[in-house]
Amino acid sequence: MSEINNKRDEELMARARKIVQKKHDLFINVIIYIAVNLFLIFIWFMTGEEFFWPIFSMLGWGVGIASMAIDVVRFINNKGYSDKVEREYQKLKRNSHLSD
């Protein structure tokens, strides 16, 4: 039983590391997105251009940031899947003892 708990703890720790890494990567990307787009807006403003061309960078890169955020949320919320696997494992284990 302790082997299962240790394995479960290891799995949870690995999952926690992945969640933290994904959140960190998203945070870094958002910071870079803001910095670069502010710089592009500054260039646009200084050139006096009428057409707001930084919108292309903002929208294109924004789609990437949004998909990354969705991935982070989906990964975090996928906890239910591992709980279902654990319950099914326990059920199979109980049933295998009954058939012995």
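In the predicted model, a nonpolar patch on the surface is formed by Phe-27, Ile-28, Ile-31, Ile-32 and Val-36, which together contribute about 420 Å² of accessible area. Val-36, one of the residues of this patch, is placed in helix 1 and is partly exposed, its relative accessible area being 33%. For the protein as a whole, the accessible surface comes to about 8100 Å², and 66% of that surface belongs to carbon and sulfur atoms. Of the 100 residues of the protein, 12% count as buried.

The secondary structure comprises three helices and zero strands, so that, when the protein is read along the sequence, the pattern α-α-α results. Helix 1 covers residues 2–47 and helix 2 covers residues 54–77, while helix 3 is assigned to residues 79–99. Among the contacts in the protein with a separation of 6 or more, 68% are accounted for by residues that lie 24 or more positions apart.

Confidence in the prediction was considered next. The protein averages a pLDDT of 85, and 87% of the residues score at least 70. Confidence is highest in helix 2, at a mean of 92, and lowest in helix 3, at a mean of 71. Where pLDDT is low, the predicted coordinates should not be read in detail.

Side chains of opposite charge can pair when their charged atoms come close. One salt bridge is held by the structure, and it is made by the side chains of Asp-71 and Lys-22, with a distance of 2.7 Å from N to O. Because Asp-71 lies in helix 2 and Lys-22 in helix 1, this pair ties together parts that are 49 residues apart in sequence. Both partners retain some accessibility: Asp-71 is partly exposed, with a relative accessible area of 36%, and Lys-22 likewise counts as partly exposed, at 25% relative accessibility. A further pair of positions, Val-73 and Lys-23, is 50 residues apart along the chain, and the C-alpha atoms of these two residues are separated by 9.3 Å. Val-73 is found in helix 2 and is partly exposed, with a relative accessible area of 47%.

Aromatic side chains were examined in turn. A pair of aromatic rings is described by the distance of the centres and the angle of the planes. A search of the whole structure finds three aromatic pairs. In one of them, the rings of Tyr-33 and Trp-61 have their centres 5.5 Å apart and their planes at 85 degrees, an angle over 60 degrees, so the pair is classed as edge-to-face. Since Tyr-33 lies in helix 1 and Trp-61 in helix 2, this aromatic pair ties together parts that are 28 residues apart in sequence. Trp-61 counts as partly exposed, at 27% relative accessibility. Another of the pairs, formed by Phe-51 and Phe-56, is tilted, with 5.7 Å from centre to centre and 40 degrees between the planes. The two members of the tilted pair fall into separate accessibility classes, because Phe-51, at 48% relative accessibility, counts as partly exposed, whereas Phe-56, at 58%, counts as exposed.

Tyr-33 is also in contact with Met-58, a residue found in helix 2. When residues up to four places away in sequence are not counted, Met-58 touches Tyr-33, Asn-37, Ile-41 and Phe-52. The C-alpha atoms of Met-58 and Tyr-33 are separated by 8.0 Å, although the two residues are 25 residues apart along the chain. With a relative accessible area of 23%, Met-58 is partly exposed; this value does not reach the buried class, because that class requires a relative accessible area under 20%.

Methods:
Residues are numbered from 1 along each chain as its sequence is written. This is a predicted model: local features need pLDDT of at least 70, side-chain atom pairs count only at pLDDT 80 or more; totals for chains, interfaces and linings use all residues. Side-chain values use heavy atoms; hydrogens and water are left out. A salt bridge is a side-chain nitrogen of Lys or Arg within 4 Å of a carboxyl oxygen of Asp or Glu. Helices (H or I, at least four residues) and strands (E, at least two) are DSSP runs, numbered from the N terminus. Buried means under 20% relative accessible area, exposed over 50%, partly exposed in between (1.4 Å probe, protein chains only). pLDDT is the predictor's confidence in each residue, from 0 to 100. Patches are made of residues with over 30% relative accessible area and no salt bridge: like charges are joined within 9 Å, nonpolar side chains (Val, Leu, Ile, Met, Phe, Trp, Tyr) within 5 Å. Accessible areas come from the Shrake-Rupley method with a 1.4 Å probe; for residues, only the protein chains shown count as cover. Contact means heavy atoms within 4.5 Å. Rings of Phe, Tyr and Trp (its six-membered ring) pair if their centres lie within 6.5 Å; planes under 30 degrees apart count as stacked, over 60 as edge-to-face and the rest as tilted.
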